[in-house]
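Biologist: I would like to learn how to read a few features of a structure. Please start with the ligand and its surroundings.

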Amino acid sequence: MPEISVLGLGPGHPDYILPVARREIERADILVGGERSLRDLDKRGKETFVVRDNLPDVARFIRAHYERSMIAVIVSGDPGLYSILRFLRKHFKAEELRVIPGISSLQYMYSKLGLPWENACFASLHGRNEDFVDQVRRCSKVGLFTDSRWPPEKIARSLMQHGISDRLIFVGEHLSYETEKITRGTVAQIAASGGYSMAVVVIMDEHEMDL
Ligand SMILES: C[S@@+](CC[C@H](N)C(=O)[O-])C[C@H]1O[C@@H](n2cnc3c(N)ncnc32)[C@H](O)[C@@H]1O
């Protein structure tokens with residue numbers, strides 16, 4: 001049965017790409033992925049297909065090529081967390097997909113904070129509207145994927161509007177890159193800040209800092 005590999009690139013810096021993922025990328029004839037994911041890869045001798053708002057085209061493209069070519073679908077972080085994997089599973093059987101894990105940007109963020117995350121909840125505001133306020137009420141530690149419609153300051157303002165102001169917020173931008181920046185603040189401080197880009201957010205009860 002032909003196989004499509006779906007592999008996680010990690011948070012972004014090449015040092016965080018697993019060797020097994022690198023080998024899959026080298027073996028592939030066709031790389032399918034978002035612009036940022038494809039940007040830093042060696043694409044010599046390979047065809048590329050850029051994923052944008054074109055998911056039906058992605059499925060058609062893969063279907064048309066996967067019997068004759070080795071296809072690697074590249075995602076950021078880990079494929080199991082808010083990636084194209086869920087969509088691909090609707091079009092291809094599990095046996096047709098070889099999923100290779102990667103280090104999630106949230107996993108990386110918790111390591112930078114020096115915190116275990118086995119008790120963490122998470123949600124995504126990247127292209128969706130999951131109820132993070134409810135998560136923050138229920139969990140003492142919540143990790144969020146953000147996007148330009150839901151930047152960290154808007155998340156903090158929304159918490160304030162729902163009467164939640166006694167949490168610590170950490171914003172991790174450009175994680176693993178040279179421009180990486182981690183900002184710590186109260187809900188009010190983050191609500192009054194701005195200018196963030198490519199960020200995850202961790203919202204915590206203060207006692208979570210004292211292990
Ligand atoms: C569609 S989600 C994909 C999550 C990915 N599967 C993972 O496990 O990290 C994209 C979001 O991940 C976060 N993200 C990915 N890479 C990042 C990085 N290097 N630094 C900060 N946030 C990052 C951002 O919140 C971005 O909007």
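Modeller: Begin with how residues are sorted. Ala, Val, Leu, Ile, Met, Phe, Trp, Tyr, Cys and Pro count as nonpolar, Asp, Glu, Lys and Arg as charged, and the others, Gly among them, as polar. On that basis the shell around the ligand holds nine nonpolar, eight polar and two charged residues. Keep in mind that this is a predicted model.

Biologist: How many residues surround the ligand, and which are the closest?

Modeller: A residue belongs to the surroundings if one of its heavy atoms lies within 4 Å of the ligand. There are 19 such residues here, and the closest are Pro11, Leu81, Ser105, Thr146 and Ala199.

Biologist: Which side chain has a polar atom 2.7 Å from an oxygen atom of the ligand?

Modeller: For a polar contact, look for a pair of N or O atoms within 3.5 Å. The side chain of Ser105 places a polar atom 2.7 Å from a ligand oxygen. His126 does so with a polar side-chain atom at 2.8 Å from an oxygen of the ligand. For Ser104, the distance from a side-chain N or O atom to a ligand oxygen is 2.9 Å.

Biologist: How much of the ligand does the protein bury?

Modeller: Compare the area of the ligand taken alone with what the protein covers. Alone, the ligand exposes 570 Å², and the protein buries 92% of that. As for its location, the ligand sits in the largest pocket.

Biologist: Now the backbone. Which residues have a positive phi without being glycine?

Modeller: Check the phi angle together with the residue type. His174 is not a glycine, yet its phi is positive, about 50°. His174 belongs to the loop between strand E8 (168-173) and strand E9 (181-186). The other case is Met198, with a positive phi near 35°. Met198 is found in the loop between helix H8 (187-191) and strand E10 (199-204).

Biologist: Why do His174 and Met198 count as partly exposed?

Modeller: Buried means under 20% relative accessible area and exposed means over 50%, with partly exposed in between. His174 has a relative accessible area of 23%, so it is partly exposed. Met198 is partly exposed because its value is 39%.

Biologist: Is Ala72 buried or exposed, and where does it lie?

Modeller: Apply the cut-off again, then find the element. Ala72 has a relative accessible area of 0% and is therefore buried. Ala72 lies in strand E4 (residues 71-75). Val142, in strand E7 (residues 141-145), is also at 0% and so is buried.

Biologist: What about residues in loops, such as Gly45 and Gly12?

Modeller: A loop position does not settle the class, so use the cut-offs: under 20% is buried, over 50% exposed. Gly45, in the loop between helix H2 (35-39) and strand E3 (47-50), counts as exposed because its relative accessibility is 83%. Gly12, in the loop between strand E1 (4-8) and helix H1 (19-27), counts as buried because its value is 14%.

Biologist: How far apart in space are the C-alpha atoms of Val142 and Asn119?

Modeller: Read the separation along the chain and the separation in space as two numbers. Val142 and Asn119 are 23 residues apart along the chain, and their C-alpha atoms are separated by 9.0 Å. For Gly45 and Phe61, the numbers are 16 residues and 18 Å. Gly12 and Gly114 are 102 residues apart in sequence, with 20 Å from C-alpha to C-alpha. Ala72 and Gly194 are 122 residues apart in sequence and 36 Å apart in space.

How values were computed
Residues are numbered from 1 along each chain as its sequence is written. This is a predicted model: local features need pLDDT of at least 70, side-chain atom pairs count only at pLDDT 80 or more; totals for chains, interfaces and linings use all residues. Side-chain values use heavy atoms; hydrogens and water are left out. Helices (H or I, at least four residues) and strands (E, at least two) are DSSP runs, numbered from the N terminus. Buried means under 20% relative accessible area, exposed over 50%, partly exposed in between (1.4 Å probe, protein chains only). A polar contact is a pair of N or O atoms within 3.5 Å; within protein, one must be able to donate a hydrogen and the other to accept it, and residues adjacent in sequence count only if both atoms are side-chain atoms. Accessible areas come from the Shrake-Rupley method with a 1.4 Å probe; for residues, only the protein chains shown count as cover. On a 1 Å grid over the protein atoms alone, a cavity is a set of points where a 1.4 Å probe fits but cannot get out, and a pocket is an open set with protein on both sides within 12 Å along at least five of seven lines; lining residues have an atom within 4 Å of a point. A molecule sits in a cavity or pocket if more than half of its atoms lie within 2 Å of its grid points.
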